[in-house]
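This report introduces a protein structure to a reader who has not met it before. The sequence and the structure are shown first, and the description follows.

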Amino acid sequence: MTSELDIFVGNTTLIDEDVYRLWLDGYSVSDAVALRVRSGILEQTGATAAVLQSDTMDHYRTFHMLERLLHAPPKLLHQLIFQIPPSRQALLIERYYAFDEAFVREVLGKKLSKGTKKDLDDISTKTGITLKSCRRQFDNFKRVFKVVEEMRGSLVDNIQQHFLLSDRLARDYAAIVFFANNRFETGKKKLQYLSFGDFAYCAELMIQNWTLGAVGETPTHPDSQVDDMDVDLDKEFLQDLKELKMLVADKDLLDLHKSLVCTALRGKLGVFSEMEANFKNLSRGLVNVAAKLTHNKDVRDLFVDLVEKFVEPCRSDHWPLSDVRLFLNQYSASVHSLDGFRHQALWDRYMGTLRGCLLRLYHD
């Protein structure tokens with residue numbers, strides 16, 4: 001008796017997205033098999049438990065071999081060992097570098113060093129994310145940081161060029177690199193209500209407006225280097241911000257600024273009386289934050305200061321977000337009508353970014 005078999009031979013590497021997700025999430029082969037069984041795959045396919053075990057192990061072996069290429073994504077595109085269609089290559093890269101919101105919030109702004117890596121056990125316990133997945137995500141952050149920290153040019157473009165990430169994911173990594181480089185404090189209890197998206201939004205504004213790359217500055221001396229144009233804050237700009245102190249140190253300017261804002265907002269603001277009573281304190285808070293940014297510690301505490309000096313006082317007076325927006329717009333614009341003030345461009349560069357950040361930080 002003869003049997004007929006249809007045999008198909010190919011060299012395309014098969015990628016099961018569900019198994020890839022289990023591998024990325026740090027599950028062992030046995031745990032992955034158990035989860036696949038629970039999903040009903042045996043009933044759906046008619047496969048045996050032994051076949052499922054073998055299939056899972058085969059996929060895991062493939063992923064382990066691919067991992068060294070995923071550490072330098074352009075290598076994955078140019079290698080000839082694995083025949084993977086371009087759309088699948090993009091999926092492998094994007095998902096490998098994806099991260100969990102809960103994890104990134106725990107490490108955002110911290111130094112990407114061995115010291116932080118020692119805390120991953122605690123982070124895994126706290127977030128419920130497997131230790132293996134925490135390590136992968138942390139190593140990805142550190143790898144991207146090391147590659148792009150010394151590069152000139154756009155941080156997002158450099159990340160996309162070297163890691164082939166989507167625009168959105170590259171922008172998220174730019175925020176992570178920017179926060180790690182400047183060591184912004186994000187872990188204090190009063191900042192826990194803020195999401196990674198909130199911080200990433202502010203990071204993008206600061207990169208666009210407060211870094212050397214923001215204004216297209218070039219070295220003035222032939223031997224000087226501006227290597228981290230999108231990574232480092234513009235030190236000269238931060239030094240210049242001390243000039244804004246006169247807005248609150250000069251009593252006449254402070255009174256005139258208050259008068260201009262109150263005149264413009266009378267009848268338009270639901271919390272007008274609260275704003276009028278607290279104007280000077282709010283203004284001092286915003287201007288003093290600027291004046292202190294020459295010190296590294298105050299740069300690190302920027303978000304703590306913004307919440308303490310502006311967000312919390314407005315919250316305690318029950319300002320709706322619409323009133324916060326009206327106030328900040330008028331507060332910023334009115335400075336242009338102060339005849340004795342000569343730092344309008346500096347003010348706009350500072351407040352343009354700060355206004356956007358404050359509106360994002362303010363959850364009414």
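## A pair of buried rings

The model described here is predicted. Both Phe 179 and Phe 199 are buried. Phe 179 and Phe 199 also form an aromatic pair, with 5.7 Å from centre to centre and 70 degrees between the planes, an edge-to-face arrangement. Distant parts of the chain are linked by this pair: Phe 179 belongs to helix H12 and Phe 199 to helix H13 (residues 196-209), 20 residues apart.

## Aromatic pairs across the structure

A search of the whole structure yields 28 aromatic pairs. One of them joins Phe 99 and Tyr 173, whose ring centres are 5.8 Å apart; because the planes meet at 75 degrees, and over 60 counts as edge-to-face, the pair is classed as edge-to-face. This pair too connects distant parts of the chain, since Phe 99 lies in the loop between helix H6 (86-97) and helix H7 (101-107), while Tyr 173 lies in helix H12 (residues 167-182), 74 residues apart.

Phe 99 has 18% relative accessibility and therefore counts as buried, the limit being under 20%. Tyr 173, at 0% relative accessibility, counts as buried as well. Ring pairs draw Phe 99 and Tyr 173 into a cluster whose members also include Tyr 20, Trp 23, Phe 63, Tyr 96 and Phe 163.

## Charges over rings

Tyr 96, a member of the ring cluster, has the charged end of Arg 136 over its ring, 5.8 Å from the ring centre. A further case involves Arg 349, whose charged end sits over the ring of Phe 237 at 4.1 Å from the centre.

## Helix H17 and its surroundings

Helix H17 (residues 272-291) has 20 residues. At 1.5 Å a residue, the helix should span 28 Å, and its end C-alpha atoms are 27 Å apart, so the two values agree. H17 nevertheless contains a kink of about 60 degrees, centred on Asn 278.

Asn 278 is among the buried residues of H17, together with others including Phe 272, Met 275, Phe 279, Leu 282 and Leu 286. The cover over the buried residues of H17 includes helix H15 (246-249), helix H16 (251-265), helix H19 (302-316), helix H20 (321-334) and helix H21 (344-361).

## Leu 361 in helix H21

Helix H21 also holds Leu 361. With 0% relative accessibility, Leu 361 counts as buried. Although Leu 361 and Leu 194 are 167 residues apart along the chain, their C-alpha atoms are separated by 7.0 Å. Leu 194 is one of the residues in contact with Leu 361 once neighbours within four places in sequence are left aside; the others are Tyr 193, Cys 202, Phe 303, Leu 306, Val 311 and Arg 315.

## Asn 158 and Lys 126

Asn 158 is part of helix H11 (residues 155-163) and counts as buried at 9% relative accessibility. Its side chain reaches the backbone oxygen of Arg 152 at 2.9 Å. Beyond the neighbours within four places in sequence, Asn 158 is in contact with Val 148, Met 151, Arg 152 and Gly 153.

Is Lys 126, by contrast, buried or exposed? Lys 126 lies in helix H9 (residues 120-127), and its relative accessible area of 61% makes it exposed, because the limit for that class is over 50%. Lys 126 is 60 residues from Leu 66 in sequence, and their C-alpha atoms are 30 Å apart in space.

Methods: Residues are numbered from 1 along each chain as its sequence is written. This is a predicted model: local features need pLDDT of at least 70, side-chain atom pairs count only at pLDDT 80 or more; totals for chains, interfaces and linings use all residues. Side-chain values use heavy atoms; hydrogens and water are left out. Rings of Phe, Tyr and Trp (its six-membered ring) pair if their centres lie within 6.5 Å; planes under 30 degrees apart count as stacked, over 60 as edge-to-face and the rest as tilted. Helices (H or I, at least four residues) and strands (E, at least two) are DSSP runs, numbered from the N terminus. Buried means under 20% relative accessible area, exposed over 50%, partly exposed in between (1.4 Å probe, protein chains only). A charge sits over a ring if NZ of Lys or CZ of Arg is within 6 Å of the ring centre and within 35 degrees of the ring normal. The expected span of a helix is 1.5 Å times one less than its number of residues. The bend at a residue is the angle between axes fitted to the seven residues ending there and the seven starting there. Contact means heavy atoms within 4.5 Å. A polar contact is a pair of N or O atoms within 3.5 Å; within protein, one must be able to donate a hydrogen and the other to accept it, and residues adjacent in sequence count only if both atoms are side-chain atoms.
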